[in-house]
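Trainee: I would be grateful for a close look at the ligand and the residues around it. Please take me through that part in one connected account.

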Amino acid sequence: MDRLKGIFPALLTPFDRADRINEGALEQLIEMNLAKGVRGFYVCGSTAEVFLLKEQEREQLYRCVKEIVGDRAALIAHVGDISTDKAKGYARLAESLGYDAVSAVGPFYYKFSFEEIKQYYLDLVGSTRLPMILYHFPNFSGIQLSVAQMGDLLENERIIGIKHTSSDTFALSQFKNAYPEKIIYNGYDEMLLAGLSMGADGGIGSTYNFMAEKFLRLVELFQANRMPEAQELQMQINVIIAALCEVGVMQGEKAILREMGLEFGTARAPYIEPDKDKLKKLMDTVMPLLG
Ligand code: MN9
């Protein structure tokens, strides 16, 4: 279980000029992050533009990331989909490739009942032997589960944790209090310190892709009880994240990686590439703050 605690970049997906997945750029990103000492990667999450990928592309990513990483770090495959069958297929693929865990957003769009959402997770858990991490992201998925409903899911011993992408740190603390042995990941990078303070065991995030060293340091400072320094670092991180939010997080992150020399291309439509002035403003704010 300790293998799964810590800082996990939610990998972005690089596209080349022909709009194909750029495996070389992905390898560069992964090597850069391994060198920084991240615990592992979250593959095909929201940050990967997962719901804008073709099925074969999604499968290509699971394969490609495992080939690059091997056993050097832990790998969590996000397999969530609106269709239980598709999600099960991705979970089986992740298991066959040797992933450490699967994770899944609940089935979205049709406002499924809790009974249906629970059945979806049970079906997924039953389809492989891998542990499952719930992906709780009410803002994007529209799935609002109560603390009691999340607890009901956590009762299953194969469900080992939650990626909690919500600013409700009270709920986070309630999960940790009731299930201290489960792993809780903080999901909003701008709140990592708050999440850690309320019981999170680590974080899964998109901005880790290009500044993992800051988050690794933040965890270290928190664990050493050096709170004023940790707060200062979170504030600096949040200047960067606020600037990203101005242009769009996904588009901004890809622009930063391009600036760092990694060919990440642009985010897929319906995302729109921000204009040059906006991107310049982003670079002027962010680049001086990156190590
Ligand atoms: O995985 C990420 N969420 C999305 C969590 O990308 C949708 C976060 O890392 C946010 O991107 C980040 C900025 O709000 O905290």
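**The ligand site**

Mentor: In this predicted model, the ligand is surrounded by 13 residues, and the closest are Lys163, Gly187, Asp189, Glu190 and Ser206. Sorted by class, this shell is made up of five nonpolar, five polar and three charged residues.

Three of the closest residues can be described at the level of atoms. Lys163 places a polar side-chain atom 2.7 Å from an oxygen atom of the ligand. Glu190 also takes part through its side chain, where an N or O atom is 2.5 Å from an oxygen atom of the ligand. For Asp189, by contrast, the atom concerned belongs to the backbone: an N or O atom there lies 2.9 Å from a ligand oxygen atom. Each of these distances falls within the 3.5 Å that defines a polar contact between N or O atoms. As for burial, the ligand taken alone exposes 380 Å², of which the protein buries 93%. The site that holds the ligand is the largest pocket.

The aromatic residues of the structure may be added to this account. There are twelve aromatic pairs in the structure. One of them joins Phe8 and Tyr185 in an edge-to-face arrangement, with 5.8 Å from centre to centre and 85° between the planes. This pair links distant parts of the chain, since Phe8 belongs to strand β1 (residues 7-9) and Tyr185 to strand β7 (residues 183-186), and the two are 177 residues apart.

Conventions
Residues are numbered from 1 along each chain as its sequence is written. This is a predicted model: local features need pLDDT of at least 70, side-chain atom pairs count only at pLDDT 80 or more; totals for chains, interfaces and linings use all residues. Side-chain values use heavy atoms; hydrogens and water are left out. A residue is near a molecule or strand if one of its heavy atoms lies within 4 Å of it. A polar contact is a pair of N or O atoms within 3.5 Å; within protein, one must be able to donate a hydrogen and the other to accept it, and residues adjacent in sequence count only if both atoms are side-chain atoms. Accessible areas come from the Shrake-Rupley method with a 1.4 Å probe; for residues, only the protein chains shown count as cover. On a 1 Å grid over the protein atoms alone, a cavity is a set of points where a 1.4 Å probe fits but cannot get out, and a pocket is an open set with protein on both sides within 12 Å along at least five of seven lines; lining residues have an atom within 4 Å of a point. A molecule sits in a cavity or pocket if more than half of its atoms lie within 2 Å of its grid points. Ala, Val, Leu, Ile, Met, Phe, Trp, Tyr, Cys and Pro count as nonpolar, Asp, Glu, Lys and Arg as charged, and the others, Gly among them, as polar. Rings of Phe, Tyr and Trp (its six-membered ring) pair if their centres lie within 6.5 Å; planes under 30 degrees apart count as stacked, over 60 as edge-to-face and the rest as tilted. Helices (H or I, at least four residues) and strands (E, at least two) are DSSP runs, numbered from the N terminus.
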